[in-house]
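Trainee: Could you take a close look at the ligand site for me, and walk me through what surrounds it?

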Amino acid sequence: MNLHEYQAKQLLANFGLDMPMGVCLEDNNPDSIAKALVPFQTHENVVVKAQIHAGGRGKGVFTENGQHGVQVVPLNQAEQAIASMFGNTLVTKQTGSEGKRVRKVYLTEAISVEKEFYVSILIDRTQQCPVLIASSEGGCEIEEVAQKSPDAILKLPIDPLLGLRPFQARKVCYLFGLTDELAQRCVQTLLKLYQAFVKLDASLIEINPLVSTKEGRICLLDAKVQLDDNALFRHPEYAALDDPYEKDPKEVEAGEAKLNYVALKGNIACLVNGAGLAMATMDIIQHFGGKPANFLDVGGGAKQEQIEAAFRIILKDPNVKGIFINIFGGILKCDMLAQGVVNAAHSVQLKLPLVIRMKGTNVEIGKQILKDSGLPLIPIDDLALAAQTIVDKVK
Ligand code: GDP
Ligand code: MN
């Protein structure tokens with residue numbers, strides 16, 4: 001689960017981490033803006049930050065007015081900066097060319113930055129433990145730093161039983177060139193960040209930039225937090241942080257129907273049961289030169305209504321030019337699947353080519369249902385041939 005910067009910072013503030021004071025605006029009306037600006041009255045500058053689930057906002061540009069997604073402005077220009085963001089579309093390196101519409105704007109205190117650093121904590125699957133990644137080149141994309149100057153990056157594995165050790169945090173301070181009080185403060189910051197990572201059940205915390213200031217602060221200027229979906233059941237309070245606008249509406253609908261759906265960029269819609277079979281199905285489509293439009297696992301025991309919902313959802317993607325159904329009937333019986341597909345195909349007046357491969361329980365009854373439906377479905381038993389056929393049909 002992804003969070004907005006302002007939400008991430010609210011969660012991190014509970015761990016005693018230092019960050020700029022901030023207020024999040026949810027609408028562009030003069031009263032709320034005036035109210036939000038009250039705590040900044042004595043400040044010379046404020047930072048106005050578009051809240052979207054994507055990074056690179058500082059360099060990102062609004063389609064409508066060419067302004068940037070992070071603007072440091074004098075207090076009396078805050079309103080103007082806010083207005084340049086609300087309702088407009090921000091295109092950054094991470095949004096794709098279609099960009100993202102801004103519905104929330106975060107106002108923060110402007111910090112006078114001395115140095116910018118990069119810090120993140122995430123799970124390293126190969127090392128099977130959390131790792132802390134630090135770089136003295138803050139504010140830049142870590143992927144670029146990794147390519148251009150890999151020596152500027154420190155990657156420290158963390159023993160989950162011991163946690164982040166103070167000597168590891170001191171190594172980071174050495175890399176950052178911090179000494180004395182700033183170094184001590186930075187060690188505390190890193191230890192608190194690791195505590196937060198564990199307590200929040202995060203899968204990623206990325207602070208880019210973490211900054212030092214002349215006044216001796218170690219301050220989180222930006223924060224990206226990803227919460228581990230598998231731990232959400234332990235945090236009912238996270239439900240309120242979910243922003244449906246940031247998700248693909250098809251994925252939201254699939255979630256409500258208890259289907260595992262991920263939208264992709266191709267043109268062959270897939271309906272499969274079992275995550276492994278779904279992955280294999282996408283692989284074989286790709287193998288024959290096709291591109292899957294989605295990952296969809298309807299689950300081992302899908303009901304007829306779920307099959308119908310799945311069918312509706314995959315067809316909402318305007319790029320879809322053909323459908324491939326690959327089902328192994330175990331608990332989910334082939335006749336039930338076939339009936340679900342036929343009902344759904346009739347109700348949407350299906351015109352697209354549909355290749356269907358079924359195996360397992362009640363397969364003969366299922367095939368009969370498909371045959372009797374009068375729909376132009378193409379049943380094929382052989383997986384390779386089935387995949388090849390749908391790839392050919394969409395060409
Ligand atoms: P991102 O571009 O989406 O990663 O957004 P950030 O929150 O990281 O902001 C982009 C850049 O704006 C940062 O890397 C900083 O260089 C700059 N910035 C953000 N807030 C402040 C601030 O309070 N003071 C100063 N001087 N620069 C800031
Ligand atoms: Mn950033």
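Mentor: The domain bounds used here come from an automatic or database domain assignment. Keep in mind that this is a predicted model. The chain splits into domain 1 (21-109), domain 2 (113-238) and domain 3 (248-394), and the centres of domain 2 and domain 3, taken over C-alpha atoms, sit 43 Å apart.

Now for your site. Domain 1 (21-109) and domain 2 (113-238) both give residues to the shell around ligand 1, so the ligand lies between them. That shell holds 17 residues, with Lys-49, Arg-57, Gly-58, Ile-111 and Glu-116 coming nearest. By type, it breaks down into seven nonpolar, five polar and five charged residues. As for secondary structure, strand 2 (45-50), strand 8 (113-124) and strand 11 (202-213) each chip in at least two residues.

Let's go through some polar contacts. The side chain of Arg-57 puts an N or O atom 2.7 Å from an oxygen atom of ligand 1. Gly-58 uses its backbone instead, with an N or O atom 2.8 Å from a ligand 1 oxygen. Glu-116 has a polar side-chain atom 2.7 Å from an oxygen of ligand 1. On its own, ligand 1 has 560 Å² of accessible area, and the protein covers 78% of that.

If you're after another spot to look at, try the second largest pocket, which offers about 610 Å³ of space. Its lining draws at least three residues from each of domain 2 (113-238) and domain 3 (248-394). Of its 20 lining residues, Asp-229, Leu-232, Lys-247, Glu-251 and Gly-255 lie nearest the centre.

Methods
Residues are numbered from 1 along each chain as its sequence is written. Chains are lettered from A and ligands numbered from 1 in the order in which they are written. This is a predicted model: local features need pLDDT of at least 70, side-chain atom pairs count only at pLDDT 80 or more; totals for chains, interfaces and linings use all residues. Side-chain values use heavy atoms; hydrogens and water are left out. On a 1 Å grid over the protein atoms alone, a cavity is a set of points where a 1.4 Å probe fits but cannot get out, and a pocket is an open set with protein on both sides within 12 Å along at least five of seven lines; lining residues have an atom within 4 Å of a point. Grid points are joined across faces, edges and corners, and a volume is the space filled by probe spheres set on the points. A residue is near a molecule or strand if one of its heavy atoms lies within 4 Å of it. A polar contact is a pair of N or O atoms within 3.5 Å; within protein, one must be able to donate a hydrogen and the other to accept it, and residues adjacent in sequence count only if both atoms are side-chain atoms. Accessible areas come from the Shrake-Rupley method with a 1.4 Å probe; for residues, only the protein chains shown count as cover. Helices (H or I, at least four residues) and strands (E, at least two) are DSSP runs, numbered from the N terminus. Ala, Val, Leu, Ile, Met, Phe, Trp, Tyr, Cys and Pro count as nonpolar, Asp, Glu, Lys and Arg as charged, and the others, Gly among them, as polar.
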